Structure formats: structure tokens, C-alpha cells
Amino acid sequence: WAGQPSMGDSIRNRFEAAVGWIRAQYHLQLEKYKDKISENPSLASNMEGAIRLVSYLLPGASGEFAQLIYSLSNLLVLWNDGLLQKKANLPGSVQSRMMTWLTVIEYLEVFLEMAVKQTYGEVGKWIVIVTILIIKATLRCVLLMKHSSGIQSSPAIKPLDRETELKGGKKAAEVSTANEIWKGQRSGRPVQSLNSSSSNERAWDRRFRQGSLSLPPTALTSMQTTGEILRIIRPLIHIPAMFALGEKSWKPWLLSLVVDTASLSCLLQSKGAGFNSGEKSELVKRKWMLLFYALRSPFYNRYAKQRLLSVLNWTTNNVPVVRVITRSLVPTCPSGSTPISTTGPYKGTQESRRVYIHIWFGLVFR
């Protein structure tokens, strides 16, 4: 009896064995998933789109749950992009820990605001809003001032252009492999080509495979840096003004619009000269995003709401194909007393408002 393990040791050994088996199965299934989506990236895109569609089709009463599903679909895109980049040997420098956490916060901020408001009321909601804004502004200022990130996009890590980057990287790898291998005519034995040792060719191949992902951020002038800082701290200017003057006041709305416009003016002082393609695209997006001020209170409550309802009603009565969708949207139109969310420049706390935003403007940036 003295040499036999006790019952506690036996239970602990069985528990550790079970945990080890679960961990091994998890890693095995994860590798299978990585292989599957790397072989067929469209499968991952279809899965992400299906989850996002579910969030749009949920009724307005399920606002928090719909926003959670929408946030999870964005997090799934971020995770799948990271897996595909590693499998395709694409550069992963943009996937730094700070930018990854910033992107996760941006994807979850609206859901957190809605959930906390439902549980703790207005006080809890404003605490979450201020906390999130301070964290985001701090991270973005560190990226701008310490790491010279240049013009920053929102989200911080953009979804991967899978059609361009992955296919381009795969094609470049096939061309590189074909050029590096020489096969004997008699023996058929493959031999590495002497040309494959050229450092210039390898460097060229890396630049070709990296494509647009490797474009370094443009060094900003002092005026352009000021414009980017204004862009970062704009929510921190807007929130105190809204808290002090009220959500229905025009002054916070105008102040936010002025800061955004001043930021764009500072960044465009040289008319975009020297900016890479991604940064030019971000600046164009910011110009279009000024239209979202029409969907923010008080402008939305006084002017935009009735026009949106008129368009939806006309579409419901005259366009049979989209009648099913618009008929479900009209009853969920937010009331005039519900303001747009302030956790981000263009996000709405109410699920139905978010649906309108993505229907009318989202396609421009897809």
C-alpha cells in the first residue's frame, strides 16, 4: 500500500492527462483550420460575411446581441488575416501587439458601451466611453510620436486584401521556385540553380511578395503631425463639450466638425504629395466620412431622419426586390431622442442606426 499512489494523485494524473489530450486536440484542429483557410481564403471570407449578415438581420430589439455578433465577425476577420499572413509568409510587422490591441478595442467599443449602459445605466456608459477614448488616444499618440506611424487608419489594422496579397505572394513564390530549380535532362534530378544565390534577386523577390503591405509610412511634417494629433484627440474634445452642453446641443456637433475639417486641412497642405497609396486612400475615406455627420444628433434628429424614412418608404412601395429588407428597417428607425454614439467618430449605439450607416455608406469603403 505504501508504494501505490493515493486516490488524490490518481485523480490529479487523470485530470492532467485529460487536459493534455484536450490541448493536443485543440492544436490539431487549429492546424487543420489554418490549412483549410490558407488553401481556400474565400471560405474564410464567406464565413465572416455570413456572421456579419446575421447581425444585420436580427431585429432592433436585439441591439446588444446584434452588435456582439457584428463585433465578433470583425474579430474573426482580424484573426483569419493573421493566420493567412503567417501561412503565406507575408510580412507581419503591421501585426504589432499595440496595433492589434488597438484594433480589438475599436471592434468591441460599441458593444461594450451598449452592454454597460444596459447594466449600469448612463453613468456606467460614460465611464466606459471616456476610458476607451483615453486608451485609444494614448495608443495612437504613442504610435505616431514614438514609432512614426504616419497617417493612421481606423481600424488600426486594415483587413487584408486577400485576393491581391495572397495570390500575388503565391504567384511570386511559384516563379521564384521555378527559377531556382534546374532539372537534369538525363537523370531528371532537380538541382538548385546557381542564380538562386543572387542576393539581388532574393531582395527583389521579397519586395515583390510583400507588395503594398511593406510600404513604409510617410514622414509627416510638423503641420501634418498637428493635423493627425487633432484627428486623434477629437473625441476627447467632443465628449466634454457634449457632457457640459448636452447631447441635443449644436455646439459639440459643430466643434467636432470643425476639428475634423481642420485636421484634414493640415494633412492636405501639400495636396497629398509623397503619401503612399494606402495613406491617400485613408485621406479620401476621411473626406467621405464627413458625410456621417448627417447621421449624428442633432442634425440627424432635425433633418436627416425624415429624409431617410421617405427614401425607405418609397423603396418599400416601388422596388419589389428590396422590399423585404426595407420593410423590416422602417419600423426600427431610431427615435429622435436617441443620439448617435460617441465612442467613435461614426459609430451608432443603436443597432438600427448602425444598419442604416452600413447600408447607405458602407459599400463605398468595401
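This is a short chat about cavities, salt bridges and nonpolar cores in a predicted model.

Q: How many cavities of 30 Å³ or more turn up in the whole structure?
A: The search finds 2.

Q: What lines the second largest cavity?
A: Its lining is Arg-231, Asp-260, Ser-263, Leu-264, Leu-267, Arg-286 and Leu-290. The space inside is about 40 Å³.

Q: And by class, what is that lining made of?
A: It has 3 nonpolar, 1 polar and 3 charged residues. Helix α8 (residues 250-267) gives the largest share, 4 residues.

Q: Arg-286 forms a salt bridge with which residue in helix α7?
A: With Glu-228, at 3.1 Å between the closest N and O atoms. Arg-286 sits in helix α9 (residues 277-289) and Glu-228 in helix α7 (residues 222-245), so the pair ties together parts 58 residues apart in sequence.

Q: Is Arg-286 buried or exposed?
A: Buried, at 3% relative accessibility. Glu-228 is buried too, at 1%.

Q: Which other residue of helix α9 meets the side chain of Arg-286 in a salt bridge?
A: Glu-282, also at 3.1 Å, N to O. The two are 4 residues apart in helix α9, about one turn.

Q: Which residues make up the salt-bridge network?
A: Lys-158, Glu-228, Glu-282 and Arg-286 are linked in it.

Q: Switching topic: in the largest nonpolar core, which residues touch the most other members?
A: Leu-78, Met-99 and Leu-102, out of 13 residues. Helix α4 (residues 97-145) supplies the largest share of this core, 10 residues. Apart from it lies another core of 9 residues, including Ala-137 and Phe-275.

How values were computed
Residues numbered from 1 in each chain as written. Predicted model: local features only at pLDDT ≥ 70, side-chain atom pairs only at ≥ 80, totals over all residues. Heavy atoms only, no water. 1 Å grid on protein atoms, 1.4 Å probe; cavity = no way out; pocket = protein on both sides within 12 Å on 5 of 7 lines; lining within 4 Å. Points joined across faces, edges and corners; volume = space filled by probe spheres on them. Nonpolar A, V, L, I, M, F, W, Y, C, P; charged D, E, K, R; others polar. Core = buried A, V, L, I, M, F, W, Y, C linked by side-chain atoms within 4.5 Å. Buried < 20%, exposed > 50% of the residue type's maximum accessible area, 1.4 Å probe, protein only. Salt bridge = Lys/Arg side-chain N within 4 Å of Asp/Glu carboxyl O.
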